[in-house]
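Here are a few notes from my look through the model, offered in the hope that they help your own reading. Have the structure open beside you as you go.

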Amino acid sequence: MPTTVASAQRRIARLATLTAVHRAFHWLHLHQPQLRRWQLELVRIPAPPFGETARAAWFFDRFHALGLTNIHIDDAGNVLAELSPDPSSTPYPLSPPPCVLISAHLDTVFPAGTDCNPVELEDAARIYAPGICDNGAGLSALLGIAAALRYAHITPPIPILFAANVGEEGEGDLRGMRHLFERGTYSRRIAAAIALEGSGTTAVVTRALGSLRFRVTITGPGGHSWTDSGTPNPILILSRALTTIADLELPTNPATTINVGHISGGTSINSIPETATALLDLRSTDPVQLLSTATTIHQIFDDLLTSLAHRKTTNCPPKLLIEIIGNRPAAALPDDSPILQTVRAVDRHLALRTELRLGSTDANIPLSRGIPAIAIGTGGTGGGIHTLQEWYDPTGRETALRRILLALLDTTHLTAQSVSLPREEHV
Ligand SMILES: [Zn+2]
């Protein structure tokens, strides 16, 4: 371990002395107003869940203007582009070569019709707009990193894949990332992933909080409250099950929670309801615990329904339907993972204190597949996340962008070298 930490430190120190890296830093230093303009421009383009097309088209054009290659929109709606190796260099011994993904999600939590126009106050750095930080900050950082690398003529040993991806928030259920890693043309090639997420300079998400979300529906024949009295009542059945769930003793280690976020059902005060529905959000830091608690919840509903069916008070017993409406896998990056050593070494170089965080981000997908991944803040400060009062202040964001650039380049070089093929030379 100590030797790998020391070698990470040496690699970063060397990287930071390269003229090309200095040029990239210089671009970032001079172009803070450009980043702000991009951010103001993109945040105006609505990107509600499942409605990212317009913002994706804008990104397609930006990637094009930056001179990236293989620019396309995949079947899920992700905008992809490559920064490719120098074509005159020795071809990589694997074809196609592995690549390193750097991504930022396009979608916001705000429904179509939300006023997304940014508000800037006189003489203040702060910008107000829904989605300005989450993930306007990440998206403008993605462009900034691409622009700085292009300006500095940095060509990586293996492709860097830039992605402005769909479906990170809520009901999007990480569908953009899922597509990239499960079915997309790059699915077998992505060897490491960095997701750019919101503000902050020191945090790095290395543990993926898992969640399973259910819609539970109980149905019965319904009827008149007086004349059909005795008919199973879905609202009461649902309530009984939810009370049992509320009494479950959940572990604090691994941290596990259940929320009943919404219930609905029934027709009127004098009707026995035909249906009752609840939305449940179950979370855990541990994938095994997540699954076992989900099983317990299913068992509670199953047992209750079975006991009611046996009562034979009706020839039309209540029915249960449990649908999974969200599934974010839990996982964690090992402490000795090279990408984490890289980040720690970069932070030491930049005199930053690395703060490891738990989060539910795009990094959940690669992490759950054993692919080294982090989600990282893109600098500045933000607040009011997921509210109409969301704000972002880019002051100081340059440091975070340097941090990301160094981590990305080092990870790309490490990934290129870690392929176990005989090679005459390496970069
Ligand atoms: Zn986000």
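1. The domain assignment splits the protein into domain 1, covering 2-208 + 331-418, and domain 2, covering 210-328. Please keep in mind that this is a predicted model. Between the C-alpha centres of domain 1 and domain 2 the separation is 40 Å.

2. How many residues of domain 1 and of domain 2 are in contact with each other? On the side of domain 1 there are 11, and they touch seven residues of domain 2. Together the two domains bury about 710 Å², with 36% of that area on carbon and sulfur atoms.

3. The polar side of this interface deserves a look. Six residue pairs, both members at pLDDT 80 or more, make polar contact across the boundary of domain 1 and domain 2. The face of domain 1 that touches domain 2 is made up of five charged, three polar and three nonpolar residues.

4. One salt bridge is found across the interface of domain 1 and domain 2. As for salt bridges in the model, the side chains of Arg328 and Asp173 form one, with an N to O distance of 4.0 Å. That distance sits right at the cut-off, because the definition asks for a nitrogen within 4 Å of a carboxyl oxygen.

5. Lastly, a local point on Thr231, which lies in the loop between strand S10 (223-224) and helix H7 (234-246). Its side chain reaches the backbone oxygen of Asp228 at 2.7 Å. Beyond its neighbours within four places in sequence, Thr231 is in contact with Pro221, Gly222 and Ile272.

Technical notes: Residues are numbered from 1 along each chain as its sequence is written. This is a predicted model: local features need pLDDT of at least 70, side-chain atom pairs count only at pLDDT 80 or more; totals for chains, interfaces and linings use all residues. Side-chain values use heavy atoms; hydrogens and water are left out. Helices (H or I, at least four residues) and strands (E, at least two) are DSSP runs, numbered from the N terminus. A polar contact is a pair of N or O atoms within 3.5 Å; within protein, one must be able to donate a hydrogen and the other to accept it, and residues adjacent in sequence count only if both atoms are side-chain atoms. Contact means heavy atoms within 4.5 Å. Domain bounds come from an automatic or database domain assignment. Buried area is the accessible area (1.4 Å probe) that two parts lose on being put together, summed over both. Ala, Val, Leu, Ile, Met, Phe, Trp, Tyr, Cys and Pro count as nonpolar, Asp, Glu, Lys and Arg as charged, and the others, Gly among them, as polar.
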